[in-house]
Amino acid sequence: MIYADNAATTKPSKIAVQAMLKCMENSWGNPSSLYAFGQEAAEELNSARKIIAECIGAKAEEIYFTSGGSESDNQAILSAAKVGARKGKRHIISTAFEHHAVLHTLNKLEREGFEIELLDVHENGIISAEQVQNAIRKDTCLVTIMFANNEIGTIQPIEEIGKICRERKIIFHTDAVQAAGHLPINVQEQNIDMLSISAHKFHGPKGTGVLFVRKGIPLSSLIEGGAQEKGKRAGTENVPAILGMAAALEDACKNLSASTEKISALKEKLIEGLSKISHSSLNGDRKNRLPGNVSFCFEGIEGESLLLLLDDKGICASSGSACTSGSLDPSHVLLAIGRPHEVAHGSLRLSIDEDISEQDVEYIIKSVGEVVDYLRNISPLWKDKISGKKEFILP
Ligand SMILES: *Cc1c(COP(=O)(O)O)cnc(C)c1O
């Protein structure tokens, strides 16, 4: 099996699994207990906090453990909105291609009377700092823009956007779930006030993540109960998962430049190979993208059929479109960068990591070519295009 869906989740690394096992076998006490055995777990938790803080250029006291990316996004946005509302500021700036954890939270705030402004995404999949600058108003309380997109991999000008927000004293949150462990992050240099990460996207365990909140920014809780995480996130900490997350992130950050170089070379090869398929197009900027992200649209096919046939060939990949409530909606991300519905339906996302070999890449290129050919040959719409009855959309 070739696993090329690392944007959906990653295989837990040996280092992470070992850290978790060791914790479950040895230091499984409750960190809130006063006896030495509990305090051992509390110390482990603190060292994990320090490790993670160092990886993103933060202070340990600015790190809050959560259940993952979705919870961190929800808490950051709802909390910043509350701060804004207290000052009569109810305008929030975001983008049309955020993850649903952000978009659905913003929908909720809109129903509560906030004004949500979603910036248009340029066809290369990148928002400009200027767009943010122009959208800011006197009553803007929050800018939330993702670090790197989970479908098309494009990287946003976070440092510049952060600088503008800093100058205007507006809270800047970024969903960095796809970036953490894959791109250099420094919350100081990049002017970030709040940042979400999730362990299972960088070879850590599922169900655990971090919300970074800059010191001085008020944070309200989503979950009430005990005094864990300075009263901002109740519930006994998932100590083994947190230790696994810290080990995975430390490992990823230590090896970042070497792994980026290796994965980028394979990505380039994949893009070269898939570009040779006729009437296809790469989604998102060629240069400014995550090291392992390859996203294509192929005219005349359905993404779902492509995935099933690739699965038969032992390749795990993903498509932008998602089956929601019986209707097959194309991805909001592909529509946001201006892909027509018909083209957006034929999308393929391959997200690779270091486990992929050059032979794997060659096999993927060959298999995708075969499957696309097969699907086009059985498509009546494709026949109309070939015969000239209908026009091609992609060159
Ligand atoms: C996966 C992902 C999330 C959700 O994270 P979970 O830990 O699965 O809740 C949020 N944002 C982005 C960009 C993601 O890729």
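# Rings and ligand: worked exercises

Trp382 has a relative accessibility of 7%, so this residue counts as buried. The model behind these exercises is predicted.

## Exercise 1: Aromatic pairs

Task: State how many aromatic pairs the model holds, then classify the pair of Phe296 and Phe298 from its geometry.

Solution.
- Step 1. The count comes to 3 aromatic pairs.
- Step 2. In the pair of Phe296 and Phe298, the ring centres are 5.7 Å apart and the planes differ by 5 degrees.
- Step 3. Planes under 30 degrees apart count as stacked. The Phe296 and Phe298 pair is therefore stacked.
- Step 4. Check the burial. Phe296 has 1% relative accessibility, so Phe296 counts as buried. Phe298 is buried too, at 0%.

Task: Classify the pair of Trp382 and Phe392, and find where each ring sits along the chain.

Solution.
- Step 1. Here the centres lie 5.3 Å apart, with 65 degrees between the planes.
- Step 2. Planes over 60 degrees apart count as edge-to-face, so this label fits Trp382 and Phe392.
- Step 3. Trp382 belongs to helix 13 (residues 380–386), while Phe392 is in the segment after helix 13. The two are 10 residues apart, and their pair links distant parts of the chain.
- Step 4. Compare cover. Buried means under 20% relative accessible area, and Trp382 is at 7%, so Trp382 is buried. Phe392, at 30%, is partly exposed.

## Exercise 2: A charge over a ring

Task: Which residue lies over the face of Phe114, and at what distance from the ring centre?

Solution.
- Step 1. The residue is Arg90.
- Step 2. Arg90 is placed 4.7 Å from the centre of the Phe114 ring.

## Exercise 3: The ligand shell

Task: How many residues surround the ligand, and which are the closest?

Solution.
- Step 1. The shell has 13 residues.
- Step 2. The closest are Ser70, Asp175, Gln178, Ser198 and Lys201.
- Step 3. Sort the shell by type: 2 residues are nonpolar, 8 polar and 3 charged.
- Step 4. Sort by element: helix 3 (residues 69–86) gives the largest share, 3 residues.

Task: Which ligand atoms do polar side-chain atoms of Ser70, Asp175 and Lys201 approach, and how much of the ligand does the protein bury?

Solution.
- Step 1. Ser70 places a polar side-chain atom 2.7 Å from a ligand oxygen.
- Step 2. Asp175 does so 2.7 Å from a ligand nitrogen.
- Step 3. Lys201 has a polar side-chain atom 2.8 Å from an oxygen atom of the ligand.
- Step 4. Alone, the ligand exposes 380 Å². The protein buries 87% of that area.

Technical notes
Residues numbered from 1 in each chain as written. Predicted model: local features only at pLDDT ≥ 70, side-chain atom pairs only at ≥ 80, totals over all residues. Heavy atoms only, no water. Phe/Tyr/Trp six-rings, centres within 6.5 Å; stacked < 30°, edge-to-face > 60°. Buried < 20%, exposed > 50% of the residue type's maximum accessible area, 1.4 Å probe, protein only. Helix = DSSP H or I, 4+ residues; strand = E, 2+ residues; numbered from the N terminus. Lys NZ or Arg CZ within 6 Å of the ring centre and 35° of its normal. Near = heavy atom within 4 Å. Polar contact = N/O pair within 3.5 Å; in protein donor to acceptor, adjacent residues only side chain to side chain. Areas by Shrake-Rupley, 256 points an atom, 1.4 Å probe, with all protein chains shown as cover. Nonpolar A, V, L, I, M, F, W, Y, C, P; charged D, E, K, R; others polar.
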